[in-house]
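Work through the exercises below with the sequence and the coordinates at hand. Each task is followed by a solution in steps.

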Protein chains: 2
Amino acid sequence: MRTSRFPLFTSKETPADAEIVSHQLMLRAGLIKRLGAGLYTWQPLGLRVMRRVERIVREEMDRINGLEVLMPAVQPAELWRESGRWSLYGPELLRLEDRHERDYCIGPTHEEVITDYLRQELRSYRQLPVTYYQIQTKFRDEIRPRFGVMRAREFVMKDAYSFHLDQDSLETTYRDMHAAYSAIFSRLGLRFRSVGADSGAIGGSVSEEFMVLADSGEDEIASCDQCDYAANTELARSRPAAPAATDPLPAERRSTPGIESVAEQCTLLGLTPGQVIKSVVVMADEAPAVLFVAGDDELNEVKAAHALGAETVRLAEPAEALAATGVPRGFIGPRDLPAGLTQLVDHRAATRVNFSSGANQADGHWINLNWDRDMPLPPTADLRTALAGEGCPRCADGRLEIHRGIEVGHIFQLGTKYSEAMDARVLDEAGDARPLIMGCYGIGVSRVVAAAIEQNHDAHGIRWPAPLAPFDVAIVSIGAERSAAVAEAAERLYADLQAAGLDPLWDDRDARPGVKFADMELIGIPHRVVIGERGLNAGELEYRARDATASEALPLDDAANRLVARIQDGA
Amino acid sequence: MRTSRFPLFTSKETPADAEIVSHQLMLRAGLIKRLGAGLYTWQPLGLRVMRRVERIVREEMDRINGLEVLMPAVQPAELWRESGRWSLYGPELLRLEDRHERDYCIGPTHEEVITDYLRQELRSYRQLPVTYYQIQTKFRDEIRPRFGVMRAREFVMKDAYSFHLDQDSLETTYRDMHAAYSAIFSRLGLRFRSVGADSGAIGGSVSEEFMVLADSGEDEIASCDQCDYAANTELARSRPAAPAATDPLPAERRSTPGIESVAEQCTLLGLTPGQVIKSVVVMADEAPAVLFVAGDDELNEVKAAHALGAETVRLAEPAEALAATGVPRGFIGPRDLPAGLTQLVDHRAATRVNFSSGANQADGHWINLNWDRDMPLPPTADLRTALAGEGCPRCADGRLEIHRGIEVGHIFQLGTKYSEAMDARVLDEAGDARPLIMGCYGIGVSRVVAAAIEQNHDAHGIRWPAPLAPFDVAIVSIGAERSAAVAEAAERLYADLQAAGLDPLWDDRDARPGVKFADMELIGIPHRVVIGERGLNAGELEYRARDATASEALPLDDAANRLVARIQDGA
């Protein structure tokens with residue numbers, strides 16, 4: 001492609017309303033254009049990137065025998081009433097009426113449509129398992145759309161749905177899908193983690209998220225530096241540290257008037273936070289519980305909810321804590337705690353010895369408490385947030401790293417939620433009608449483009465991973481309008497690169513070199529060749545990789561071959 | 001692909017609500033599945049066909065330097081208010097409100113959005129001409145959706161828009177687009193015509209429709225059997241026949257009481273319809289006019305409107321005709337017609353001699369009237385519908401054929417309609433801001449699939465043109481469950497065909513041969529190979545083209561090569 005036929009609508013100004021760097025760069029580089037709140041036109045340059053994502057997604061879905069379909073964007077309300085989601089889904093569901101005043105929505109997802117399709121067509125277990133997918137435009141009426149295509153209202157998704165007779169079959173496809181997602185993000189040249197969302201005490205469904213790592217990510221994830229363990233920090237575990245081999249000391253009661261925090265307690269008693277155990281009163285679905293966590297750890301409310309079998313857990317208000325325990329704030333502890341209260345101890349707190357804690361009386365704390373000797377050890381659970389540098393819970397040697405990430409994919413063992421609600425059944429080998437077991441699997445195709453930029457950019461613009469770049473290589477001709485030699489050399493290189501199967505962008509505009517260089521860096525083409533008269537006189541072209549700090553000379557007569565070799569090596 | 005992994009949801013029953021054959025066959029073959037009124041899921045088999053259409057469309061758009069974009073389906077009402085179409089467009093425009101009660105529509109077309117995009121980005125005539133296109137899901141809220149995807153509410157369009165500084169440039173791109181459309185429908189293997197919609201007296205915009213020929217088509221078109229002349233029969237012309245060299249006879253007035261039709265007039269006076277000239281009173285935008293047409297011709301109201309410079313032309317009611325002429329119905333004629341009435345004579349009627357016509361008095365007709373001798377010849381125009389077998393108006397030897405057709409494409413010189421309304425301008429060489437001149441160009445991508453079936457089917461099902469077929473060749477193995485030799489031969493042929501770059505469908509179901517044959521014919525795969533034990537014992541496979549009446553034997557050891565050669569030859 002030549003820029004004379006492919007207008008680049010680049011801009012030097014950072015748009016005022018673009019808060020994150022991918023949004024700024026997508027607008028500045030002319031990848032997208034805003035039409036309205038959360039609505040973007042994909043310009044030719046941006047669409048080329050999205051199509052590269054789509055192609056790789058499609059290839060990997062086909063490889064695991066996914067069958068591509070295309071379902072309508074506009075969906076009848078009746079199906080959503082059947083599944084129960086017409087009333088459950090919030091105002092993100094864009095509802096509308098047609099000319100006959102029948103209710104519809106623009107689909108943010110397609111579980112109802114695919115279940116309706118297959119309950120009509122699937123008859124027998126012999127047709128299972130089967131996986132359908134589509135790459136399609138969806139709509140979610142975000143209350144405050146922002147971050148460009150990262151949280152747009154209209155967006156492109158790959159959504160897939162699998163159908164099974166039994167859980168084993170679902171798990172096999174789920175594993176295939178996990179491998180396919182890993183292949184997709186690897187092939188796209190992105191650094192990513194798949195993050196387990198353990199089923200926990202609430203039980204039931206299993207799911208994993210795929211996160212593109214980027215400092216600006218909304219999610220915080222812990223991952224092992226050795227194996228593939230990774231989890232959202234809300235759920236991440238770490239290897240238990242060996243308890244210190246310390247002899248128990250005699251417990252002593254100390255007067256601690258007016259103490260309100262662990263820090264004050266440490267100062268007064270001459271302790272480190274690691275020698276303290278905090279007693280945290282929480283409301284688990286509005287029932288009180290006391291949780292014991294080491295003073296140098298943080299209570300993780302998501303884990304606490306799983307451990308308590310509760311939907312939600314929140315810190316109790318002071319009045320609630322007082323009503324539940326009868327003890328003033330700051331003085332609650334495991335010894336002599338009033339009976340009848342639910343108690344849990346974090347695993348790490350359970351290994352501590354000679355610790356300090358509230359005495360369950362105003363103005364008093366214990367030091368040198370020890371579990372079992374001074375009070376029974378309550379049930380233990382993982383209640384703390386894992387930290388960077390701690391041991392991996394899965395492998396022997398790994399240490400946890402904490403990264404921020406952007407969710408770009410989600411795989412989910414759905415079970416029979418939709419098939420039960422919508423009566424979607426097949427006959428099993430014995431001739432009994434059994435509800436279909438389902439999985440669903442999404443990739444935010446348009447979001448991947450933005451996430452890739454969050455991960456790969458610098459002060460000059462985008463630095464596309466090669467598989468995502470809209471063009472493989474930029475040819476910048478300087479003065480081709482005035483020099484036949486430059487024009488001819490550029491023309492020949494352009495043709496040679498195309499003949500080698502590459503997609504070059506020849507910037508043949510009559511513009512200053514600095515303008516062209518800045519544009520090629522902004523739009524992030526991974527390789528750049530400059531063709532000017534001075535170089536040609538020396539028999540050379542000037543080459544520079546987008547991520548290099550200096551240029552190098554390529555001999556004119558071998559330039560195409562060397563470029564092709566370099567690009568195909570991914571160098 | 002194997003049918004064991006690609007479920008075929010075929011059906012023998014013709015769906016009751018499917019009125020046309022493409023709709024019936026698309027449902028029966030499992031190409032589409034109804035979700036709601038005018039809403040269809042494209043099943044894997046159907047989507048493979050539509051993707052083939054899309055690929056060819058995309059290649060031809062790229063070839064003429066079209067730049068692909070993707071615009072939102074949901075469009076803000078403000079833009080439609082700017083263009084004036086928010087109020088002009090009928091209830092086909094599906095309007096909706098978002099959660100903040102702002103008005104939107106789901107776009108049936110994208111002139112407003114593309115014009116808004118480019119009025120912000122285009123600055124200079126040096127960026128012109130430029131053509132953008134997209135392949136995208138659109139919505140039109142048809143009052144009575146029917147005929148499956150032929151007139152669905154949600155459908156897939158290729159829409160393109162070109163932008164120019166002057167009319168010459170628009171016409172160049174328009175011609176390129178015409179050539180690209182011809183290439184697309186040719187490459188798809190369809191019989192089609194491009195049909196000019198002459199600008200006529202109303203003047204202004206030029207457009208052409210592309211029609212796939214099929215007996216069930218809604219439109220009737222005339223085309224030359226020699227050259228590329230084609231036009232909707234509403235507009236088609238034919239070569240004037242040489243007038244008969246007959247000496248004028250003396251005009252005579254006859255008494256014809258009670259005559260009401262040309263047939264009665266002929267019977268009473270002993271004439272053929274070709275010896276009569278009909279006088280038709282019409283209301284042209286509610287003003288009366290008398291049109292003279294040969295008795296064996298049919299008045300064409302569209303041509304009459306063009307000739308009279310009227311928006312619409314309709315036959316006058318008897319009372320209107322009487323009021324305008326003062327002459328009772330059946331007795332109006334060109335001689336002694338009251339003055340002050342607009343009159344036009346059809347070209348062919350103008351060449352007639354010795355004709356009969358009303359005498360403008362009750363119960364009287366003339367015979368042997370002649371123009372100029374008996375009354376002045378009024379202005380002449382093309383007012384008749386051209387008929388099959390008449391001479392082509394463009395070339396010397398061609399004869400007109402009449403076909404029915406299905407509109408699948410439309411190209412249009414739009415001018416400045418949207419750029420004026422929306423103030424979309426660029427600077428010309430002199431630095432003056434001039435409105436963009438636009439063209440727009442559509443292809444009904446999903447409709448093409450249905451039109452192809454209307455054109456290519458038989459009693460057994462679909463007969464895909466090879467470029468559209470969802471699979472290139474069907475392999476039907478018989479008894480592979482029980483015979484290792486059959487399984488192995490099928491496996492090898494399947495692999496060999498794939499290695500040759502073909503897309504085979506291997507029907508490996510454990511089903512009766514008749515069931516498999518019927519399915520492969522219904523879904524219309526162009527080539528079929530049967531592998532069974534009996535054939536293998538004779539060292540043969542059985543081959544049959546979808547459009548052949550008999551099978552032939554292929555030697556087992558050379559079957560793959562012969563098949564590949566045959567398929568690649570398009571044989």
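**Exercise 1. Domains and one linker residue**

Which domains does the domain assignment of chain A give? Then place A:R237 in the chain and state whether A:R237 is buried or exposed.

Solution. The model is a predicted one.
- Step 1. The assignment gives domain 1 as 21-237 + 402-453, domain 2 as 252-381 and domain 3 as 471-568.
- Step 2. Between the C-alpha centres of domain 1 and domain 2 of chain A there are 41 Å.
- Step 3. A:R237 sits in the loop between β12 (230-232) and β13 (252-255) of chain A.
- Step 4. The cut-off for a buried residue is 20 or more other C-beta atoms within 10 Å. A:R237 has 20 C-beta neighbours inside 10 Å, so A:R237 counts as buried.
- Step 5. Leaving aside neighbours within four places in sequence, the contacts of A:R237 are A:D382, A:A386 and A:P393.
- Step 6. A:I143 lies 94 residues from A:R237 along the chain, and their C-alpha atoms are separated by 34 Å.

**Exercise 2. How the two chains are related**

Find the operation that superposes chain A on chain B, and describe the side of chain A that touches chain B.

Solution.
- Step 1. Superposing chain A on chain B takes a rotation of 179 degrees with 0.0 Å of shift along the axis, and the RMSD is 0.3 Å. This is the relation of a two-fold axis.
- Step 2. A:L96 is the residue of chain A that comes closest to the rotation axis, with its C-alpha at 2.8 Å.
- Step 3. Chain A and chain B each bring 39 residues to the contact. Elements of chain A that give two or more residues include α2 (44-63), β5 (94-97), α5 (111-121) and β7 (130-139). The largest share, 4 residues, is that of β2(A).
- Step 4. Sorted by class, this side of chain A has 25 nonpolar, 6 polar and 8 charged residues.
- Step 5. Of the interface residues of chain A, 100% are also interface residues in chain B, so the copies meet through the same surface.

**Exercise 3. Two helices of chain B**

Which residues of helix α9 of chain B are buried, and how many residues of helix α1 of chain B are buried?

Solution.
- Step 1. In α9 (residues 318-325) of chain B, the buried residues are B:A321, B:A324 and B:T325. Viewed down the axis of α9(B), they fall within an arc of 80 degrees, so they line one face of the helix.
- Step 2. The face turned away from that buried side carries the exposed residues B:A319 and B:A323.
- Step 3. The cover over the buried residues of α9(B) includes β14 (277-284) and β15 (287-294) of chain B.
- Step 4. In α1 (residues 21-28) of chain B, 7 of the 8 residues are buried, among them B:H23, B:L25 and B:R28.
- Step 5. Their cover includes β1 (32-36), α2 (44-63), α12 (445-455) and α14 (513-523) of chain B.
- Step 6. A positive phi of about 75 degrees is found at B:G326, just after α9(B), and a positive phi of about 75 degrees at B:G30, just after α1(B).

**Exercise 4. Nonpolar cores**

How many residues does the largest nonpolar core have?

Solution.
- Step 1. The largest core has 261 residues, and those with the most contacts inside it include A:V212, A:L493 and B:L493.
- Step 2. Leaving aside neighbours within four places in sequence, A:L493 contacts A:I475, A:V529, A:I531, A:A559 and A:A560.
- Step 3. A second, separate core of 34 residues includes A:V276, A:A284, A:L291 and A:A324.

How values were computed. Residues are numbered from 1 along each chain as its sequence is written. Chains are lettered from A and ligands numbered from 1 in the order in which they are written. This is a predicted model: local features need pLDDT of at least 70, side-chain atom pairs count only at pLDDT 80 or more; totals for chains, interfaces and linings use all residues. A residue is buried if 20 or more other C-beta atoms lie within 10 Å of its own, exposed if 12 or fewer, and partly exposed in between; C-beta atoms are placed from the backbone. The arc is that of the directions from the helix axis to the C-beta atoms. Two residues are in contact if their C-beta atoms, placed from the backbone, lie within 7 Å. Ala, Val, Leu, Ile, Met, Phe, Trp, Tyr, Cys and Pro count as nonpolar, Asp, Glu, Lys and Arg as charged, and the others, Gly among them, as polar. A nonpolar core is a set of buried Ala, Val, Leu, Ile, Met, Phe, Trp, Tyr and Cys residues joined through C-beta atoms within 7 Å. Copies are superposed by least squares on the C-alpha atoms of residues with pLDDT of at least 70 in both. Domain bounds come from an automatic or database domain assignment.
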